[in-house]
Structures are given as C-alpha cells and as structure tokens.
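Reader: Hey, could you walk me through this one? I'm new to reading structures, so plain words please.

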Amino acid sequence: MNASSKKSSFLVGISAGLVLFPLILLVLWSFSKKWLYPNVWPQEMGISIFQQMSNEPNFLPASLNSFVIASATTITSLLIAVPAARYFAFQRTISQRLIEVIIYLPLILPAIAVITSSQVLFLQLHLTGTFGGIILIHTYLCLPYALQILLESYRQLGEGYSLTAQSLGAKPWSIFWQITWSLLRPGLTAAASLVFIVSFSQYLPTFFIGGGRIVTLPLLLLPYANNGRFGLASSYSLVFLGCTMVGVFIFKKAIGGIQRGTKR
C-alpha cells in the first residue's frame with residue numbers, strides 16, 4: 001500500500017469515527033439506566049427510557065405529524081422549484097448572481113424576524129395552528145435549497161436535448177417526461193432529500209405557526225435536551241434519525257425508481 005492509499009484510508013477512518021462517535025453516544029444514553037459522573041460508561045443498561053418514550057401520549061402523533069409535514073413540504077417545494085429553476089437557468093434578462101441572491105434571501109434574513117412577521121400574517125389568514133400554515137412556512141424556508149440544487153442541475157443539463165427533441169416534433173410534456181425528468185433525476189433526488197431533512201428538523205417555524213396545537217418530534221426533543229434529560233433526548237434523536245432516513249429512502253425510490261426515457 002503506497003503513501004497516498006494509506007493517507008486516504010486514514011482520512012476515511014477519521015471521517016467515519018467523527019460520524020459514528022455521536023451515534024454511539026446517543027445509543028449509550030438511550031439504553032443507560034444509570035450513568036453518573038465520572039464514569040466513562042453507564043453503570044446500568046436497559047430499555048426503560050424507550051418504554052417511557054413510547055408511553056408518551058404525543059410520541060406517535062408527533063412522529064406522524066413530522067413525517068406528513070416534511071413530505072408535503074418536499075412535494076410542494078419540488079412543484080415550485082422545478083419550473084422556477086428551469087426559467088432562471090435559461091433566461092437572459094436577469095444576472096445569474098442576482099438570481100442566486102434572490103434564491104438565498106430567505107436564508108440570509110434572520111429566521112426569527114421572518115417567522116414572527118409571518119405569524120401576524122398567518123393569524124389574519126387563519127392559518128396559525130394548521131398544517132397548511134406550517135407547510136407554507138416550511139416551504140418558504142426550504143425552497144432555496146431545492147432551487148439552488150435544481151438550478152445547477154438545469155445549467156449542467158443545458159437546452160440541447162430539449163431543443164433537439166422539439167425540432168423533431170416532440171410535445172413539451174413529452175420532452176419533460178421522457179428526457180428532462182430522466183436526466184434531472186439525480187438533482188431531484190438530492191433536492192427532495194435535503195428539503196425533507198431540513199423540514200423535518202424545523203423547530204421555530206413549527207412552534208410559532210403551529211401555535212402549540214400541532215406537535216412534531218423537534219418540539220418534543222428540544223425541551224428534554226435543554227432540561228438535561230439526555231436519555232430521553234437521545235432516544236428521540238434516534239427516532240428522529242430513523243424517520244429522516246426512511247423519508248429520504250422513500251423519496252429516492254419514488255423519484256429514482258420511476259424509469260423514464262432511454263435506459264443506458
């Protein structure tokens with residue numbers, strides 16, 4: 001093994017350790033019945049924390065609410081981002097740098113200012129405390145991620161394939177479904193995965209716009225972490241991680257599993 005391979009293996013090992021170490025701590029905290037300072041490992045192990053979590057009345061509703069909101073936000077964001085990214089990628093009137101500033105504007109502005117001002121508007125529209133209101137504010141915060149990924153995907157794709165198909169008499173919908181969708185699938189998968197994860201982890205927008213009526217996993221997890229109940233916080237974190245992985249897998253299969261166009 002040469003020096004370059006050893007260096008690569010070492011870096012991979014360090015990266016894997018940095019990823020696995022927090023997960024190991026979460027697992028230890030979740031199964032620990034007694035873990036007092038200065039002990040490095042728990043003195044007693046068990047599943048009592050998971051039993052306490054499963055007996056929580058809001059546990060299943062919160063998990064389902066988080067999954068539904070994140071899924072709806074992902075679908076809504078993609079429906080908006082796909083045509084918008086195509087327009088921004090191929091238009092010639094607005095500077096591309098200005099477009100990127102516009103896309104990132106919701107992320108540049110202070111989140112608390114945007115959320116509190118949106119809460120006033122949502123109160124007037126009777127959207128506070130509703131799934132629709134939470135999905136709208138999540139879409140506002142997650143849309144820049146989907147737009148930026150799909151914008152780059154459209155730029156790399158170019159207009160050549162679409163113009164060639166159009167010159168051969170193909171209809172716009174057929175061009176999109178048979179050509180653009182197939183070539184854009186990696187970008188769509190990445191955008192859907194990122195939006196789902198970001199939406200699933202939102203706390204402040206859900207807290208303010210939900211008005212305490214709609215409970216999600218982050219709303220249950222954060223108080224336990226702030227109050228020093230690390231066992232319950234860790235168990236909720238593992239459930240959180242599992243739900244996001246399932247959601248990402250579903251969207252990857254839904255987008256990447258539908259075969260369109262010519263197979264290579």
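**A walk through the chain**

Author: Let's begin with a cysteine: C243 has a relative accessibility of 16%, so it counts as buried. Keep in mind that this is a predicted model.

Reader: Okay, and how far is the sulfur of C243 from the closest cysteine sulfur?

Author: The distance is 17 Å, and the partner in question is C142. That is too far for a bond, because a disulfide needs the two sulfur atoms within 2.5 Å.

Reader: Remind me, what's a disulfide?

Author: A covalent bond between the sulfur atoms of two cysteines.

Reader: And what about C142, buried or exposed?

Author: C142 is buried, as its relative accessible area is 0%. Its closest cysteine sulfur is the one in C243, again at 17 Å.

Reader: So how many disulfides does the count come to?

Author: Zero.

Reader: Let's zoom out. How many helices and strands does the chain have?

Author: There are 11 helices and two strands. Going along the sequence, the pattern reads α-β-β-α-α-α-α-α-α-α-α-α-α.

Reader: What does the chain span along its principal axes?

Author: The C-alpha trace covers about 70 × 65 × 35 Å. Of the 264 residues in the chain, 38% are buried.

Reader: What share of the contacts join residues at least 24 apart?

Author: It's 74%, counted among contacts between residues at least 6 apart in sequence.

Reader: Now helix packing. What do people use to describe two packed helices?

Author: The angle between their axes and the distance between the axes. Take α3, residues 59-90, and α11, residues 230-256: their axes come within 11 Å and cross at roughly 35 degrees. The crossing is right-handed.

Reader: Which residues of α3 and α11 meet there?

Author: On the α3 side you have F59, S63, F67, S71, T74, I75 and L78. On the α11 side there are Y236, V239, C243, V246, G247, I250, F251 and I255. Sorted by class, this contact of α3 with α11 has 11 nonpolar, four polar and no charged residues.

Reader: Oh, C243 again!

Author: Yep, the buried cysteine is part of the α11 side of that contact.

Reader: How do α4 and α6 cross?

Author: Helix α4 (residues 96-108) and helix α6 (residues 131-157) have axes that come within 7 Å and cross at roughly 155 degrees. That angle makes α4 roughly antiparallel to α6. Their crossing is left-handed.

Reader: Which residues meet in that one?

Author: From α4, the list is Q96, I99, E100, I103, Y104, P106 and L107. From α6, the list is Y140, L141, P144, Y145, L147, Q148, L151, E152 and R155. In the contact of α4 with α6, 11 residues are nonpolar, two are polar and three are charged.

Reader: Where do α5 and α6 come in, at what angle do they pack?

Author: About 145 degrees, with their axes 12 Å apart. This crossing is right-handed. V114, S118 and F122 of α5 make the contact with G133, L136, I137 and Y140 of α6. By class, five of these residues are nonpolar, two are polar and none are charged.

Reader: What's in the loop between α5 and α6?

Author: H126 is found there. H126 is exposed, because its relative accessible area of 68% is over the 50% cut-off.

Reader: What is the phi of H126?

Author: Positive, at about 60 degrees, although H126 is not a glycine.

Reader: Which sign do most residues other than glycine have?

Author: Most of them have a negative phi.

Reader: New topic: which helix holds V120?

Author: V120 is in α5, residues 111-124. With 48% relative accessibility, V120 counts as partly exposed.

Reader: How far apart are V120 and S15?

Author: In sequence, 105 residues; in space, 44 Å from C-alpha to C-alpha.

Reader: Last one, T189: buried or exposed?

Author: Buried, since its relative accessibility is 13%. T189 sits in helix α8, residues 172-200.

Reader: What is T189 in contact with?

Author: Leaving aside neighbours within four places in sequence, T189 is in contact with K252, I255 and G256. I255 also came up earlier, in the contact between α3 and α11.

Terms used. Residues are numbered from 1 along each chain as its sequence is written. This is a predicted model: local features need pLDDT of at least 70, side-chain atom pairs count only at pLDDT 80 or more; totals for chains, interfaces and linings use all residues. Side-chain values use heavy atoms; hydrogens and water are left out. Axes are lines fitted to C-alpha atoms, for helices over the stretch in contact, and angles run from 0 to 180 degrees between N-to-C directions. Helices (H or I, at least four residues) and strands (E, at least two) are DSSP runs, numbered from the N terminus. A crossing is left-handed if the near helix is turned anticlockwise from the far one by less than a right angle, and right-handed if clockwise. Contact means heavy atoms within 4.5 Å. Ala, Val, Leu, Ile, Met, Phe, Trp, Tyr, Cys and Pro count as nonpolar, Asp, Glu, Lys and Arg as charged, and the others, Gly among them, as polar. Angles under 35 degrees count as roughly parallel, over 145 as roughly antiparallel, 65 to 115 as roughly perpendicular and the rest as oblique. Buried means under 20% relative accessible area, exposed over 50%, partly exposed in between (1.4 Å probe, protein chains only).
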